[in-house]
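Colleague: I'm new to this one, can you walk me through it? I'd like to start with how you talk about helices and strands.

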Amino acid sequence: MSRVVENKAGQVLIILVIVFIVTLVIEFILARIKTKNGRVNTGVTLVKSMAKYIGAFIALIWILTILGIDVNTIFASVGIVALIVGFSAESLIADVITGIFMIFENQFNVGDVVEINGYRGEVKEIGVRTTSIIDSGNNIKIINNSQINNLINLSEVNSSAVCDIRISYENDLTQTEDAVKEILKKIYEDNPNIFLDIPIYSGVQELTDKAIILRIVASVMEKDLYKCKRILNRDLFLGLKKSGILIPYDKQSVC
C-alpha cells in the first residue's frame, strides 16, 4: 500500500516539475520578444498570464486522474462554471470577462500611460485577471480587471507641456522673445527623442507686479511630459542667463 502511495506521490511530483518547466520555457521565449508595438506587447503579457493558469489547470486534472478521481464525471455532473462558482470564485469570472473586453476593445496597451481610479502610471502588464501599472517612482500597482472603473488613456493623443518663465520689466521684450525662440530651437535640436516638434513661444501670459510671465508650450508623448518640463525649465533659465536676460527673484536683506 505504501509503495502505491509513494509511486503516486512520485508521479505527482514529476507532473508538477514538468508543468513548471514548460511554463518557465514559455515565459523565457516570450521574454525574448522585444518590440515597440504596444499591441504586440499586450498579447505577449496576456499569453504569459494565460500560460500560468492553463498550466495549473492541466496539472490539477492530471493529478486528479493519477489519484483515481474520475474528472469527466465531476465536470458532467456540476459543469465547469458551477464548479468555479462553487469555489467562491465569482470575482475570478468578473476579472477574466472584463480583461477580455478590455483587450478586444483595445482600450489600452502595454506601454501606454493611463490613469486608473486616480492612479497614474505606465501599463507594465495586462493579464487574464489583473493589470499592473508602474508610476514615476517605480511603484507597481496591481489592479483587478473588474475594479477598473475610471480609466483615462493619456497616450491616445500627444500631450502638451506648459512652461511659464518670469522675466524682469527691465528687459527689452522684443529682444527677449527673439532669444527665447532661438533657445527653444536649440532645445529641440538637443532633445529630438523627447520633443515631437520645436516648442512654441505662445506670448506674454501675464503681467504681474514683479515680472512679465512668458508661456512656452511643447508637444510631447505623455510618458515624457514631466521630463520635458524639467528640460524646458533648466535650458530656458541657462539660455536666458547667458543672453543677459534678467530673471527676477525675491531678495532678502539680512542685518
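Modeller: Sure. Helices and strands here are DSSP runs, a helix having at least four residues and a strand at least two, and they are numbered from the N terminus. Keep in mind that this is a predicted model.

Colleague: Okay, how many helices and strands are there in the protein?

Modeller: The protein has seven helices and eight strands.

Colleague: Let's talk pockets. What volume does the second largest pocket have?

Modeller: About 350 Å³ for the second largest pocket.

Colleague: And which residues lie nearest its centre?

Modeller: Those are Arg 120, Glu 122, Asp 135, Ser 136 and Lys 223, out of 15 residues that line the second largest pocket. Two elements, strand 2 (119-126) and helix 7 (225-242), each give two or more residues to that lining.

Colleague: Which element gives the largest share of the lining?

Modeller: Helix 7 does, with four residues in the lining of the second largest pocket.

Colleague: How do the lining residues divide into nonpolar, polar and charged?

Modeller: For the second largest pocket, eight are charged, four are nonpolar and three are polar.

Colleague: Switching topic: how many aromatic pairs does a search of the whole structure find?

Modeller: Zero aromatic pairs turn up across the whole structure.

Colleague: What sits over the ring of Tyr 119, then?

Modeller: That's the charged end of Lys 141, at 5.5 Å from the centre of the Tyr 119 ring.

Colleague: Now Gly 99. Where is it found, and is it buried or exposed?

Modeller: Gly 99 is in helix 5, which covers residues 90-104. Its relative accessible area is 3%, and the cut-off for buried is under 20%, so Gly 99 counts as buried.

Colleague: How far apart in space are Gly 99 and Ile 148?

Modeller: They're 9.6 Å apart, C-alpha to C-alpha, with their positions 49 residues apart in sequence.

Colleague: And Gln 11, why does that count as partly exposed?

Modeller: Because its relative accessibility is 31%, which falls between the 20% and 50% cut-offs. Gln 11 has its place in helix 1 (residues 2-31). From Gln 11 to Leu 67 is 9.7 Å, C-alpha to C-alpha, and the two are 56 residues apart in sequence.

Colleague: Zooming out, what percentage of the residues in the protein is buried?

Modeller: Buried residues make up 32% of the 255 residues.

Colleague: Last one: among contacts between residues at least 6 apart in sequence, how many join residues at least 24 apart?

Modeller: In this protein, 60% of those contacts do.

Notes: Residues are numbered from 1 along each chain as its sequence is written. This is a predicted model: local features need pLDDT of at least 70, side-chain atom pairs count only at pLDDT 80 or more; totals for chains, interfaces and linings use all residues. Side-chain values use heavy atoms; hydrogens and water are left out. On a 1 Å grid over the protein atoms alone, a cavity is a set of points where a 1.4 Å probe fits but cannot get out, and a pocket is an open set with protein on both sides within 12 Å along at least five of seven lines; lining residues have an atom within 4 Å of a point. Grid points are joined across faces, edges and corners, and a volume is the space filled by probe spheres set on the points. Ala, Val, Leu, Ile, Met, Phe, Trp, Tyr, Cys and Pro count as nonpolar, Asp, Glu, Lys and Arg as charged, and the others, Gly among them, as polar. Rings of Phe, Tyr and Trp (its six-membered ring) pair if their centres lie within 6.5 Å; planes under 30 degrees apart count as stacked, over 60 as edge-to-face and the rest as tilted. A charge sits over a ring if NZ of Lys or CZ of Arg is within 6 Å of the ring centre and within 35 degrees of the ring normal. Buried means under 20% relative accessible area, exposed over 50%, partly exposed in between (1.4 Å probe, protein chains only). Contact means heavy atoms within 4.5 Å.
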